[in-house]
Structures are given as C-alpha cells and as structure tokens.
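The exercises below concern a single protein model, which is shown first. Each task is followed by a solution in steps.

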Amino acid sequence: MTNGPGAGIPAVSTAILAMSRHLEVRDVLKTIVASARELLDAEYAALGVPDDHGGFAQFVVDGVSAEQWKAIGPLPRQHGILAAMLHNATPERLADVRADPRFGGWPAAHPDMSDFLGLPVADGDEILGALFLANKRCPKPSSDGNGCGFTADDERLLGILAQHAAIALTNARLYERSRELTIAGERARLAHELHDAVAQKLFSLRLTAQAATALVDRDPARAKDELHQVAALAAEAAEELRAAVVELRPAALDEDGLVATLRSQVQVLDRAHSASVTFAAHGVRALPAAQEEAMLRVAQEALHNALRHSDAARVEVTLSRNGQGAVLRIADDGRGFDPGAVRRAGRHLGLVSMHDRAGGVGGKLTVESEPGKGTAVEMEVPGG
C-alpha cells in the first residue's frame, strides 16, 4: 500500500463501517485488529485491553494461528513498550522493536518481529487499550537505507482508526452494560411472575388438601376427587418451577457458544417434560454474539410455546449453516393455530418479540402453523 496525502481514506472508511456493525465488545476488538492489519498491510496485529493488576483483561491477535497462540503461553504483562503506550498515551513507531532498550524479549513460540507501530486507543483521558502492528509487508530497510517499514502516513491512518475504535469500543461497552441491566430486569420480572404463579398454585393446593381432609370420613368419593385435584395442582406448580428455572438460568453463550448452549437447554427440557425434545446442528460456525443471543432467545420462546400451549408430543430443534449465517428451526406436532388469527395470538405466543429479536440483528422470522398440524418457527440470520 502506498500512502499519499489522501491515500488510505477509503480503506479507513471501510474499517470504520465494519467496526460500527458490531455491538459486542469481543466482536469490536476482533474487527479493530483485523481492520488495522489489513489497512496497513502488516503481518501481525494485536489489541490489548488493560486490567487493574498489571496485565490484560482482553488481548486479541490477528495473523497468529490458534495453535501458535496457544504455544506462546500466558498473556503478556504491561511492561516495556506496551506499558509506555498504556501509561503515557504516546504512539511508538520503531524500525526494529528488538533494538529498543525497553524490549525484554518474548516467548520461544512467539513469531519474530522487527518494524513496529503502536498507538493507544483512548477516550478522552481514559486509555481503553493499545493497538500494535508489526512487520509491514514490504522490502525491509537494507544497509543503504532502501526499503520500507511503517511510515508517518501509516501512523496518521492508524491514528484515525484508533479514534473511531475508541468510539466503537465505548459504544459496545455501553451496549453490554445496557443488556446486563435488561437481563437483570427480566430476571426480576420472571422471579415476580414465578412467585405469583407458584403462590397461587400452592394456595389452591393447601385449600384443596384441607377440603379433602374434611371430606375423607363423611364423603370418601368426594375426598378422592379432591385428592386427584391436589395431585394435578402439585404437577402444575412443579411445571411452573421447571419452566422458571430454565428461563432464569444464565445462558453460557460466551463460554460455550450457541450450539452447546442450545443442546444443553434442550436436554434439560427433554428431561423436564413428557414431550420428546431433540436437537441437531449441521455445519454451524460461530456467529456474531448479538445474533447468537437473539437466536437463543427466540428458541427459548418457541420452545416455551410448544411445551406449554401446543400439547405437542415431539419438538425438534435444528440449527443449520446457511452461507455465512445460520437457520434455526423449532417444529412441533402440537395443536397448531390459525395464522389468520395471528393478530390475536401474537402477543400470547410471544410472536411479536420473536420478530423484533430477529429484525434487530438483521435476520428474519417466519412462522408456519395450521390447526391440528403443528407449528414451525424458523429464524434466519446473516452471520458476520
């Protein structure tokens, strides 16, 4: 890449647009690093987000294989050149990082690096992280001074990218915080609903048991009917508890990914309900975090409908790759409903919220149903 006075601006614009498409912090970090490496045609790029203990809370790399990254070992500490950028908010552009007096070496599996460019990512006075690039893809300086490394124009372009990276990272953090508050509010709402629903069931259970006790001597037949009602109420209360436990359990998307999380939740539901609940995945790869969360929430809502309202004997959940994205399908053999009455049924079945979740991540939701012939909910997302 040859940098002139206006060179690289279209590439910077493309990188900024790529960053703005993501809402999750991890996705934003990966996009920043990949964009910086491509923008300056570097062999390696990394971005470190510091913690409060002299290390890094997050450290994302591009240009290093997963196997090589694993062999390198623990994350670096904040020392030497890394510390200089984090503590002094000053760019560092070096012809050979190994010749710098602050260079302290690297692990045996670490790739060899020479020319180096690093910039802090800052929001005002707060340093959010440090962006590093190494080994520009061009002839290296020779003894007569010919060749190239990172230039002042490279530093200028990376500076523009770093400013927008700070905005994207701040927005992603705000989004995640907002989502945490929303989840906390949702958990509080579910807990309140659980309390009301189960309290009513248990109150009815107690009254019915008392009635059965009073009738057992003078009217055994009526007492038997009341005891059957006790058993039915107890089963309903247990069902409310099981459903609430599944809803309240925090999803393990960040650690386990969508496939493993869906499989785990389906297994729980299969054990908790008389209906057979199965899950299958076909060639699915990781999706942007917001899309995975939306798919999980839609799956939970559709499963809730199938198991609580449809009298289904079988519910099948499938997740399949579709180009860069994926398709989720939840199909049951229950009573179904009239799609023409969807305006009346939509709120009751959560269809409005499912459509909103799908649309919110650039996906689409379709619902197929017919009285007596089951229901199929399908959600498609584009991937990233």
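**Exercise 1.** Classify Glu368 by its relative accessible area in this predicted model, and identify the salt bridge that Glu368 forms.

*Solution.*
Step 1. The relative accessible area of Glu368 is 47%. Buried requires under 20% and exposed over 50%, so Glu368 is partly exposed.
Step 2. The salt-bridge partner of Glu368 is Arg329, with the closest N and O atoms 3.8 Å apart.
Step 3. This pair links distant parts of the chain: Glu368 belongs to strand β9 (residues 364-369) and Arg329 to strand β8 (residues 325-332), 39 residues apart.
Step 4. Arg329 has a relative accessible area of 27% and is therefore partly exposed.

**Exercise 2.** Determine how many salt bridges a search of the whole structure finds, and describe the one between Glu92 and Arg102.

*Solution.*
Step 1. The search returns 14 salt bridges.
Step 2. In the bridge between Glu92 and Arg102, the closest N and O atoms are 2.9 Å apart.
Step 3. Glu92 lies in strand β3 (residues 92-94), whereas Arg102 lies in the loop between β3 and β4 (116-123); the two are 10 residues apart.
Step 4. Glu92 counts as buried because its relative accessibility is 11%. Arg102, at 33%, is partly exposed.
Step 5. A network of salt bridges links Glu92, Asp100 and Arg102.
Step 6. For a further case, consider Lys373 and Glu370, whose side chains meet in a salt bridge at 3.8 Å, N to O. Lys373 is exposed, with a relative accessible area of 62%, and Glu370 is partly exposed, at 40%.

**Exercise 3.** Establish the strand order of the open sheet of 5 strands, and state which strands form its edges.

*Solution.*
Step 1. The order is β6-β7-β8-β10-β9, and the pairing is mixed.
Step 2. β6 and β9 each pair on one side only, and they are the edge strands.
Step 3. From one strand to the next, the twist averages 10°.
Step 4. β6 and β7 run parallel and are joined by 7 bridges. Ala281 has Leu319 in β7 as its bridge partner.
Step 5. Helix α8 packs on the sheet, where α8 touches β6, β7, β8, β9 and β10; the direction of α8 makes about 5° with that of β8.

**Exercise 4.** Decide which residues of helix α10 (residues 351-360) are buried, and place α10 relative to β9 and β10.

*Solution.*
Step 1. Leu351, Met354 and Ala358 are the buried residues of α10. They lie on the same side of α10, because they cover an arc of only 60° around the axis.
Step 2. Asp356 and Gly360, on the other side of α10, are exposed.
Step 3. α10 lies across β9 and β10 and runs at about 145° to β9.
Step 4. Just after α10, Gly362 adopts a positive phi of about 80°.

**Exercise 5.** Identify the residues that touch the most other members of the largest nonpolar core.

*Solution.*
Step 1. In this core of 35 residues, they are Met295, Leu328 and Met379.
Step 2. The elements that give two or more residues to the core include β7 (314-322), β8, α10 and β10 (375-381). The largest share, 10 residues, comes from α8.
Step 3. Leaving aside residues up to four places away in sequence, Met379 touches several residues, among them Met295, Leu328, Ala358 and Leu365.
Step 4. Another core, of 29 residues, lies apart from this one and includes Val25, Val60, Phe150 and Ala168.

Definitions and conventions. Residues numbered from 1 in each chain as written. Predicted model: local features only at pLDDT ≥ 70, side-chain atom pairs only at ≥ 80, totals over all residues. Heavy atoms only, no water. Buried < 20%, exposed > 50% of the residue type's maximum accessible area, 1.4 Å probe, protein only. Helix = DSSP H or I, 4+ residues; strand = E, 2+ residues; numbered from the N terminus. Arc of directions from axis to C-beta. Salt bridge = Lys/Arg side-chain N within 4 Å of Asp/Glu carboxyl O. Core = buried A, V, L, I, M, F, W, Y, C linked by side-chain atoms within 4.5 Å. Contact = heavy atoms within 4.5 Å. Pairing = 2+ DSSP bridges. Axes fitted to C-alpha atoms, helices over the stretch in contact; angles between N-to-C directions.
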